[in-house]
Every structure is written in C-alpha cells, then in structure tokens.
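Reader: I'm new to reading protein models. Could you walk me through this one, one question at a time?

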Amino acid sequence: MRTVRTVQELRSALARARRQELTIGLVPTMGALHDGHLSLIERAREQCDVVVVSLFVNPAQFNERADLERYPRDERRDAALAAATGADVLFAPSVEEVYPSGFATSVEVLGLTERLEGAARGAEHFRGVTTVVTKLLCMALPDVAYFGQKDAQQVAVIRRLATDLDLPVRIEALPTVREPDGLAMSSRNALLSADERARALALPAALDAALALVHAGERSARALLDAAREAMRPFDVQPEYLALVDPGTLEPLTRLTGEALLALAARIGEVRLIDNAIVAPAAAHTGAAHDPAHTGAAHDPAHTGAAHDPAATRGLDGPRTTSQRLEGEAIATCSA
C-alpha cells in the first residue's frame with residue numbers, strides 16, 4: 001500500500017489506473033478504523049481494481065472544539081489495518097492540503113441537512129461534510145465511493161449532492177457493523193469509560209423496543225417512539241433526538257405505512273453517539289439493529305429485506321454483526 005499526502009501525489013498514484021481505465025473505489029474515513037470501515041474497504045476490494053482509503057479528520061464538520069481535540073487518531077494503526085484489508089493507496093492529507101490559505105468555498109445541500117443531525121449540530125456540520133466529501137471526490141475521481149448506513153442522513157445528503165452536481169460517481173451504502181451486544185461500531189466508542197460503554201447500549205435497546213412493536217403490528221409513530229424512549233430509561237440515557245422519518249426526504253412520519261428510518265442520537269457522558277434502523281410494516285422487511293429475539297444476530301447484506309441470518313460475519317478483529325443496508329444506490333453520471 002502506498003501512502004500519499006498531497007493531491008498531486010494522489011493523482012500521480014492513480015494516473016496509470018486511470019489510463020488503463022481501471023475501476024477506482026474510494027473509502028472516505030476520519031481514521032480510528034474499526035470493522036465498519038474495514039467492511040467498506042472489503043467491499044471496495046471486491047468491486048474495484050484500485051482501492052483508495054482517505055484518512056482525514058475534517059475540522060470543518062466539528063461544531064465542538066473539544067470533540068475535535070479528543071477524536072482518536074492513530075495513523076500507524078489505521079495504515080496497517082487498511083493495508084491488511086486490501087487498500088492500494090492511503091491518502092492522508094494535512095489540514096493545510098485540504099484547506100489551503102485563502103480557501104473560501106463551501107458546498108451545501110439544502111433541506112435534507114436541516115433535520116436530525118443538522119438541527120442538533122447546526123448548519124456548519126453538514127456544510128463541512130458536503131464540502132470535504134466534494135473535495136475528496138474531486139481529488140480522487142473515484143468510480144464508486146463507499147459509506148456506512150450508520151450515518152444514514154449523511155448518505156442521503158451525499159447521494160443528493162452527487163446527483164445534483166452530476167458527479168460521475170456511484171455512492172454505495174453498506175450495513176452498519178455492530179459489536180456482539182448490538183452497539184453500532186463507532187470511532188467514538190473508544191472514548192467511552194466502562195460504565196459509559198454499558199450505558200451506550202441504550203441506543204440499540206431503543207431500536208429493538210420499537211422494532212418489537214413493529215413486528216407485533218404497531219404502526220403509530222408515537223407508540224414506536226414512546227417505546228424506544230422508555231427502553232432507554234434503565235440506562236439513564238435521554239435521546240438528543242428520536243425520530244421516525246421518510247428515508248429519502250427525512251420528513252417526520254406519523255404512521256408506518258412503508259419503509260421508514262428510525263434514527264436517534266444521545267450523549268453518553270461527553271461522547272455523542274448516533275444509530276438508526278430501517279423499518280417497514282412487513283416483519284420480513286425490517287432492518288433492525290439486531291433482532292430482539294436473537295441478540296447479536298446479523299442481517300445478510302447480500303439478501304436485502306430477507307429474514308435475519310443468525311450467522312455473524314467476521315472481521316479482522318473478531319465477530320461483527322450488521323444491520324440491513326439502505327435500499328438502492330444513487331448513480332450520478334456526467335455526459336461526455
């Protein structure tokens with residue numbers, strides 16, 4: 001695996017592949033790699049001739065300086081994991097390389113960014129996300145870019161961005177990867193104390209409680225959200241937001257009549273975590289964090305909408321579980 005730190009080096013590293021019309025896949029990350037990131041690299045390795053992993057803690061998307069300062073960083077570890085998983089190029093630019101002196105441009109997606117994470121973290125958060133993702137897509141010019149469903153709103157925003165700007169890239173979202181007890185893997189999990197790690201199970205517990213009601217036939221959004229909120233009480237955790245929304249528009253729903261996104265965020269001590277699940281009226285089409293009757297079971301990502309697969313997939317560091325992937329892919333193309 002080759003490590004590059006400038007845009008010029010990145011383009012030089014990819015020049016031969018581009019001349020040979022090889023397929024290039026990009027996995028954008030902020031480092032602190034875990035099995036969720038590795039699953040994206042694995043999928044890129046399966047589908048693409050050349051795999052690029054970007055490693056950049058983007059200051060523009062942090063609305064709290066303390067959050068930025070304590071975000072975990074270990075490039076040597078991340079580089080070893082990326083290489084072992086099949087990456088060909090690690091792009092690890094400095095802040096000055098991404099935002100050089102005089103930088104004065106931003107990219108903003110309206111509407112989708114104003115709810116959930118946008119409402120909680122402010123417009124600057126998604127403006128920072130969409131600007132850096134646009135830059136990374138322009139720097140690497142990949143055929144496919146890979147993201148995780150855990151950041152479901154971010155995926156929806158990036159798909160809209162790629163479509164609206166006619167970017168020649170396919171945006172692919174892969175299932176959330178979870179610990180055996182159901183907690184969604186996150187780089188921020190490393191910041192949790194032992195007590196906070198136990199309390200963080202409030203998030204998958206909330207999803208499970210709502211999904212149990214869906215399986216039982218409940219369709220009222222208020223009832224589902226009340227059940228989710230109640231399931232968090234034993235953990236002494238209050239949601240920052242908890243919503244049932246349309247997965248495409250993120251508009252709030254009052255009843256579950258089709259596929260919906262159940263999304264929540266909560267602070268555990270000083271650490272802010274998010275999670276979500278895709279749910280639908282038919283039990284066979286729910287995308288739970290994990291089946292309440294089969295804690296730690298995994299959806300088979302190759303069979304979207306299928307029944308739960310009791311077999312967990314395995315990563316480099318042991319077992320992992322996944323939730324159902326977001327349906328469909330956005331393909332944005334430029335005319336010749």
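Reader: Let's start with contacts at a separation of 6 or more: what share of them joins residues 24 or more positions apart?
Author: Sure, and keep in mind that this is a predicted model. Take the contacts in the protein chain whose partners have a separation of 6 or more, then pick out those between residues 24 or more positions apart. That share comes to 71%.

Reader: How many helices and strands does the protein chain have?
Author: The protein chain has 336 residues, and 54% of them are buried. Its secondary structure comes to 11 helices and 13 strands.

Reader: Is helix α1 parallel or oblique to α7?
Author: Look at the axes of α1 (residues 7-19) and α7 (residues 123-140): they come within 9 Å and cross at roughly 50 degrees. An angle from 35 to 65 degrees is neither roughly parallel nor roughly perpendicular. So α1 and α7 are oblique.

Reader: Which residues of α7 make that contact, and how many of the contact residues are nonpolar?
Author: From α1 come V7, L10, R11, L14 and R18, while α7 brings in C138, M139 and A140. Sorted by class, there are 2 charged residues and no polar ones. The nonpolar count is 6.

Reader: Is S54 buried or exposed?
Author: S54 sits in strand β3 (residues 50-55). Leaving out residues up to four places away in sequence, S54 touches L26, V27, P28, T29, F91 and L136. The relative accessible area of S54 is 1%, and the cut-off for buried is under 20%. So S54 is buried.

Reader: Which strands are at the edges of the open sheet β8-β9-β10?
Author: This open sheet has 3 strands with antiparallel pairing, and the twist averages 10 degrees from one strand to the next. An edge strand pairs on one side only. That applies to β8 (239-245) and β10 (271-279).

Reader: What is the bridge partner of L261 in β10?
Author: Strand β9 (residues 260-268) pairs with β10 in the antiparallel sense over 9 bridges. For L261, the partner in β10 is I278.

Reader: Which helix lies across β8 and β9?
Author: This helix covers residues 221-232 and runs at about 150 degrees to β8. The name to look for is α11.

Reader: Where does pLDDT stay under 50?
Author: The mean pLDDT of the protein chain is 86, with 84% of its residues at 70 or more. Where pLDDT is low, the predicted coordinates should not be read in detail. The stretch under 50 is residues 283-336.

Notes. Residues numbered from 1 in each chain as written. Predicted model: local features only at pLDDT ≥ 70, side-chain atom pairs only at ≥ 80, totals over all residues. Heavy atoms only, no water. Axes fitted to C-alpha atoms, helices over the stretch in contact; angles between N-to-C directions. Helix = DSSP H or I, 4+ residues; strand = E, 2+ residues; numbered from the N terminus. Parallel < 35°, antiparallel > 145°, perpendicular 65-115°, else oblique. Contact = heavy atoms within 4.5 Å. Nonpolar A, V, L, I, M, F, W, Y, C, P; charged D, E, K, R; others polar. Buried < 20%, exposed > 50% of the residue type's maximum accessible area, 1.4 Å probe, protein only. Pairing = 2+ DSSP bridges. pLDDT = per-residue confidence, 0-100.
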